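Please read these points with the structure open beside you. They deal with a nucleic acid contact and then with a contact between domains.

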Amino acid sequence: MHKADIAAKFAEIAGLLEILGENPFKIRAHLNAARVLETTNEDIASLASEGALTSIKGIGKGIAEKITTLLQTGDLPELKALHEKVPGGVLDMLKIPGLGPKRVKAVWENLGVTTLGELEYACNENRLATLEGFGNKTQEKVLKGIATFHQFAGRWLLSEATKHAETALAWVKKHGDVKRAMIGGSIRRGKETVRDIDIIASSSKPLEVMEHFANAPFAVEVIAQSLAKTSVRFENGLQADLRVVADKEFPCTLYRFTGSREHNSAMKTFAESRGMKINEYGLFKDKKPLPCNDETAIFEALGLSYIPPELREGLGEIETARNCNVFDLIEYNDLEGLFHCHTKYSDGRETLETMARACKELGFKYLGISDHSRSASYAGGLSIDDLKKQGDEIDKLNDKLDGFRIFKGVESDILGDGTLDYPDEVLEPLDFVIASVHSSLGMDEKKITTRIIRAVENPYTTMLGHPTGRLLLSREPCAVNMFEVIDACAKNNVIIEINANPHRLDIDWHLMHRAKSAGVMLSINPDAHRIAGLRHAKYGVMVALKGGLAKADVLNSMSLADVTCELAIRKK
DNA sequence: GCCGTTTTCGGCCCGACTGTTTTCAGTCG
């Protein structure tokens, strides 16, 4: 059993205990253990065998025993006992916004509701609103929450799907008869959420390769097996399709199973206009296949410049490819530094120095630190004194970190009225200020737009952080009118963040063209709370590509000297 | 259930918001 699986068990226990109204501190201890397990670098199995699990902060005697039991048996008697007390579907209800443990318990005990389906039914019959402590507003909110839940079911975050896709790809490549293999589909296009994994491989023995795939250790179920493809399911329900073709067909199959439906359809039409035909088996002229060794050759044969996978959405990219030689797009290696990172000063896992050194080791030249501000008490936001203290530490580190620079910043909460939560004299000496909304995201369009624009107009705001507050697959963006916000950013010389955390990817890439044409600069920010989070910048680059951004549009593609200058100019 | 320690038990984050009530419980971040 893996650390992440054990962590999930503890989170499950916490949820069940919550519904049962157990001691809140016991619940927190389990949640804390889950988080610790998710993030620790320790080898749990060997610590368990040495009886040294309690050396990890947050793991005491009780939880250490449970981890050991889970490692040895894969199961936990306590969890079984809890499941006997609480029906499975009741736990799902905790995922509905507006329903916490108390209300879930009330719904379950008073209405006998034990699944989301029954809950929806009860809402439609107006039974939820009649419960004590509930009303029409809550009932409506729950109904909306259930709809959102269904809408997101069966979709995965790009980061999660990528991780599984890489596992599957590595397994496919292990087969000795595989010549080429790649991840295709929406993962290759960098879509922020995806439905399944597509892997394309070439081999002279396709059936054997597909059989090998069906027998993969991660495949808990083989959903379909045919001459054309094999589909398996991972334990978490994610589906992976493998197509194996002859090597000469590989480029066209990969191409066909990468582009969106709209892109493929547009390309089919374009090829026909050139007297050609394109499908998953090849590119044909006068019914004769044109040899294409890779995707580049396909575009060349069609008289187009190469269209990167991220752009193959059917949004006019073929037209662009006819008119220009190359797409001028940012690449991951263009990034010179990273802004928007957290440390132990607020809710980050690492010290300032550890984060800076990790960033340097990744090859970056600078790091912009922006811990939470004082009103973000839930995230350990910094008092004015702490912020000064951090600034002093940054000064010392900058003397030590040869050729690497830490910029002093803060992620300041945008308060309800649009003001930032430090006085001007505190913001003034900082190198940069990210203004972000973290609370009261439910305001109507007019109110929240006015609020955010007021923050953009603050002379100390350098960047607008995760502008819509969306959490992919769990929280819709707030009602903000982003067109107005983009215009305000242009007017006030404020940079817009592309929050690269795979849960956010905010702003949405569809809006990047508009920001670019309004003359707004963007910044690809990892919003890292731990070392691994720094690598999330790659997802930010993927969506920036989708948004058609060039190196020149992105703040943190500037050299250290240039970015220092840029920040100074913006401060004025 | 964990931590820290005056080693045996008390403290563990808490303020804002929402919707419900009519003074506050529950949820959220």
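1. In this predicted model, a polar backbone atom of Arg103 lies 3.0 Å from a phosphate oxygen of DNA strand B. Two glycines make a similar kind of approach: a polar backbone atom of Gly98 is 2.6 Å from a phosphate oxygen of the strand, and for a polar backbone atom of Gly100 the distance to a phosphate oxygen is 2.6 Å.

2. Which elements give two or more residues to the surface near DNA strand B? They are helix 2 (24-39), helix 4 (61-73), helix 7 (101-111) and helix 9 (136-152). Helix 2 contributes the most, with 5 residues.

3. There are 33 residues around DNA strand B, and those that come nearest are Arg28, Gly58, Gly98, Gly100 and Gly135. By class, the surface near the strand has 14 polar, 10 nonpolar and 9 charged residues.

4. Which part of DNA strand B does the protein approach, sugar or phosphate, or bases? Of the strand's atoms within 4 Å of the protein, 75% belong to sugar or phosphate, and the rest belong to bases.

5. Now the domains. The assignment for chain A lists domain 1 (3-152), domain 2 (156-245), domain 3 (252-323) and domain 4 (332-571). In their contact, domain 2 supplies 12 residues and domain 3 supplies 13 residues. The centres of domain 2 and domain 3, taken over C-alpha atoms, are 23 Å apart.

6. The size of an interface is often given as the accessible area lost when the parts come together. For domain 2 and domain 3 the buried area is about 1100 Å², with 53% of it on carbon and sulfur atoms. Arg188, Arg189 and Ile200 provide 61% of the area that domain 2 buries against domain 3, more than any other three residues.

7. How many salt bridges cross the interface of domain 2 and domain 3? The rule finds 2. A salt bridge joins Arg188 and Glu295, whose closest N and O atoms are 2.8 Å apart. Across this interface there are also 6 residue pairs in polar contact.

8. On the side of domain 2 that touches domain 3, the elements giving two or more residues are strand 2 (178-183), helix 11 (185-188), strand 4 (196-203) and strand 7 (239-245). Strand 2 gives the most, with 3 residues. This side of domain 2 divides into 6 charged, 4 nonpolar and 2 polar residues.

Definitions and conventions. Residues numbered from 1 in each chain as written. Chains lettered and ligands numbered in written order. Predicted model: local features only at pLDDT ≥ 70, side-chain atom pairs only at ≥ 80, totals over all residues. Heavy atoms only, no water. Domains from an automatic or database assignment. Contact = heavy atoms within 4.5 Å. Buried area = accessible area lost by both parts, 1.4 Å probe. Salt bridge = Lys/Arg side-chain N within 4 Å of Asp/Glu carboxyl O. Polar contact = N/O pair within 3.5 Å; in protein donor to acceptor, adjacent residues only side chain to side chain. Helix = DSSP H or I, 4+ residues; strand = E, 2+ residues; numbered from the N terminus. Nonpolar A, V, L, I, M, F, W, Y, C, P; charged D, E, K, R; others polar. Near = heavy atom within 4 Å.
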